[in-house]
Amino acid sequence: MATPSPCIVIGDDEQGYDLDLFCIPKHYADDLEKVYIPHGLIMDRTERLAREIMKGMGGHHIVALCVLKGGYKFFADLLDYIKALNRNSDKSIPMTVDFIRLKSYCTLISLQPGEILMQSTETLSMSFTC
């Protein structure tokens, strides 16, 4: 499998970027002081992750599972990069996309490798085996 690229570390003493350097939506203007991770850097790292996934899969089928609701935008961007790499490569890697919704008041239980059960305090909400 491919060696993952090093992480970007943002220390506690990070100065950030002034808001004057960015187009900040008005509804966020009063809540922000600095920008610590610019959008371009996030997109570049997302593309790099897509490249590492494609390299690491080595032609095997990709099963992409998005955790709704918070992960949909990152997931969509990541899939766009994977699809672009897939279109522009010599071989096409098949990909399946699916979604899962988790609730924060459930507990996650793992009984054995490859099995995850989500259990609320009252009833069993969902189980699946990967």
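So, helix H3: its buried residues, meaning those under 20% relative accessible area with a 1.4 Å probe and protein chains only, are Phe75, Asp77, Leu78, Leu79, Ile82 and Asn86. Helices here are DSSP runs of H or I with at least four residues, strands are runs of E with at least two, and both are numbered from the N terminus. Before going on, this is a predicted model, where local features need pLDDT of at least 70, side-chain atom pairs count only at pLDDT 80 or more, and totals for chains, interfaces and linings use all residues. Residues are numbered from 1 along each chain as its sequence is written, and side-chain values use heavy atoms, with hydrogens and water left out.

Back to H3. What do its buried residues pack against? They pack against H2, S1 and strand S2 (95-101). H3 itself has 16 residues and spans 22 Å from first C-alpha to last, close to the 22 Å expected at 1.5 Å a residue; that expectation is 1.5 Å times one less than the number of residues.

Now the neighbour, helix H2, residues 39-57. It has 19 residues and reaches 27 Å, close to the expected 27 Å. Met43, Thr46, Ala50, Glu52 and Met54 are buried in H2, and their cover includes H3 and strand S1 (62-68). Right after H2 comes Gly58, with a positive phi near 55 degrees.

These pieces meet in the largest nonpolar core, which has 10 residues, among them Ala50, Met54, Ile62, Phe75 and Ile82. By nonpolar core I mean buried Ala, Val, Leu, Ile, Met, Phe, Trp, Tyr and Cys residues joined through side-chain atoms within 4.5 Å. H2, S1 and H3 each supply at least two residues of this core, and H3 gives the most, with 4. Take Ile82: leaving out residues up to four places away in sequence, it touches Ala50, Ile53, Met54, Ile62 and Met95, where a contact means heavy atoms within 4.5 Å.

Over in S1 we find Val63. Is Val63 buried or exposed? Exposed, at a relative accessible area of 65%, and the cut-off for exposed is over 50%. Its C-alpha is 5.8 Å from that of Met95, 32 residues apart along the chain.

Last, confidence. pLDDT is the predictor's confidence in each residue, from 0 to 100. The chain averages 80, and 75% of the residues score at least 70. Among the elements, H3 has the highest mean, 93, and strand S5 (residues 124-129) the lowest, 45. Over residues 121-130 the pLDDT is below 50, and that stretch has 18 contacts in the model beyond near neighbours in sequence.
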